[in-house]
Amino acid sequence: MDEEPAIQAFKNGADSVLRLPCGSREFYYRLRNFLRLLNLNTGQESVQFITLGPLKIYPQNNQVILCDDFVPLTSTEFKLLMLFINKLNQQVSLEELYRLMYETDELQYTSRVLGVHISKLRRKLKLADIEELDLKNIHGKGYCLTYTGGSRNGDDL
């Protein structure tokens, strides 16, 4: 017996299929995928997060919470943030940053796009208002995210 296309799509991890009303099996898969998107513990995966001062970062679903408010980041901004967190208090070279953004080894460093993304990241995360976090520019070499708040609280990674 073939399953309906919507049920099959949800089983395969689709985020949504617009079709109402739905049967109980389809509702089950919609609910399961919705919980997966929220990164709730459904018995299949554990909730993992990183806390740096007032920032709470959920790497599994690309979400950032600042003082209980959701911060909408683009995928590039989130990738940059995760790279900075993975190399916390260490210099991240311009080559690494461009390689992350453009996913190629054939790089041209004449673009201001990287600076724009980092500027937006600083503004969205309100880094000027957070004393223990600072995203420093190392002129001509790269950037460094420094955290002076001690241990990374709530770090389950």
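**Notebook: salt bridges, helix faces and positive phi**

I began with K87, which at 25% relative accessibility counts as partly exposed. The model I am reading is a predicted one, and I keep that in mind for every value below.

**Entry 1. Salt bridges.** I followed the side chain of K87 and found that it meets the side chain of E96 in a salt bridge, with 3.1 Å from N to O. E96 is likewise partly exposed, since its relative accessibility is 23%, and buried would require a value under 20%. I then asked how many salt bridges the count comes to. The count gives 2 salt bridges, and the other one joins E77 to K124, where the closest N and O atoms are 2.8 Å apart. That pair links distant parts of the chain, with E77 in helix α3 and K124 in helix α5, 47 residues apart. I also looked up how each partner is covered: E77 counts as buried at 2% relative accessibility, whereas K124, at 26%, counts as partly exposed.

**Entry 2. Helix α5.** I checked the length of α5 next, and its 12 residues should span 16 Å at 1.5 Å a residue, which agrees with the 16 Å that separates its end C-alpha atoms. Which residues of α5 are buried? I listed L114, G115, H117, I118 and L121. Seen down the axis of α5, these buried residues fall within an arc of 160 degrees, so they line one face of the helix. I note the general background here: an α-helix has 3.6 residues a turn, so residues three or four places apart point the same way. The cover over the buried residues of α5 includes α3, α4, β6 (133–138) and β7.

**Entry 3. H117.** I singled out H117, which sits in helix α5, and I wanted to know whether it is buried or exposed. At 19% relative accessibility H117 counts as buried, a value that I set against the cut-off of under 20%. When I left aside its neighbours within four places in sequence, I found H117 in contact with T76, E77, L80 and M101. E77 in this set is the salt-bridge partner of K124, and M101 is one of the buried residues of α4. I also looked up T74, which lies in the loop between β4 and α3 and is partly exposed, with a relative accessible area of 36%. T74 and H117 are 43 residues apart in sequence, and their C-alpha atoms are 9.2 Å apart in space.

**Entry 4. Helix α4.** I turned to helix α4, residues 94–102, whose buried residues are L97, Y98 and M101. They cover an arc of only 95 degrees around the axis, which puts them on the same side of α4. What do the buried residues of α4 pack against? I found α3 (75–86), β5 (91–93), α5 (113–124) and β7 (142–147).

**Entry 5. Positive phi.** I looked for positive phi values, and I noted that α4 is followed by E103, whose phi is positive, near 50 degrees. Just after α5, K126 also takes a positive phi, of about 50 degrees, although K126 is not a glycine. K126 belongs to the loop between α5 and β6 and is partly exposed at 47% relative accessibility. D68 is a further residue other than glycine with a positive phi, near 70 degrees, and I placed D68 in the loop between β3 (63–66) and β4 (69–71). D68 is exposed, with a relative accessible area of 76%.

**Entry 6. Surface patch.** I asked which residues make a nonpolar surface patch of about 310 Å², and I recorded F27, L31 and F34. I looked further into F34, which lies in helix α2 (residues 24–38) and is partly exposed, its relative accessible area being 48%.

**Entry 7. The chain as a whole.** I closed by noting the totals, beginning with a secondary structure of 5 helices and 7 strands, whose elements run α-α-β-β-β-β-α-β-α-α-β-β from the N terminus on. Of the 157 residues in the chain, 32% are buried. Among contacts between residues at least 6 apart in sequence, 40% join residues at least 24 apart. The chain exposes about 9,900 Å², of which carbon and sulfur atoms supply 50%.

Terms used: Residues numbered from 1 in each chain as written. Predicted model: local features only at pLDDT ≥ 70, side-chain atom pairs only at ≥ 80, totals over all residues. Heavy atoms only, no water. Buried < 20%, exposed > 50% of the residue type's maximum accessible area, 1.4 Å probe, protein only. Helix = DSSP H or I, 4+ residues; strand = E, 2+ residues; numbered from the N terminus. Arc of directions from axis to C-beta. Contact = heavy atoms within 4.5 Å. Patch = residues over 30% accessible without salt bridge, like charges linked within 9 Å, V, L, I, M, F, W, Y side chains within 5 Å. Areas by Shrake-Rupley, 256 points an atom, 1.4 Å probe, with all protein chains shown as cover. Salt bridge = Lys/Arg side-chain N within 4 Å of Asp/Glu carboxyl O. Expected span 1.5 Å × (residues − 1).
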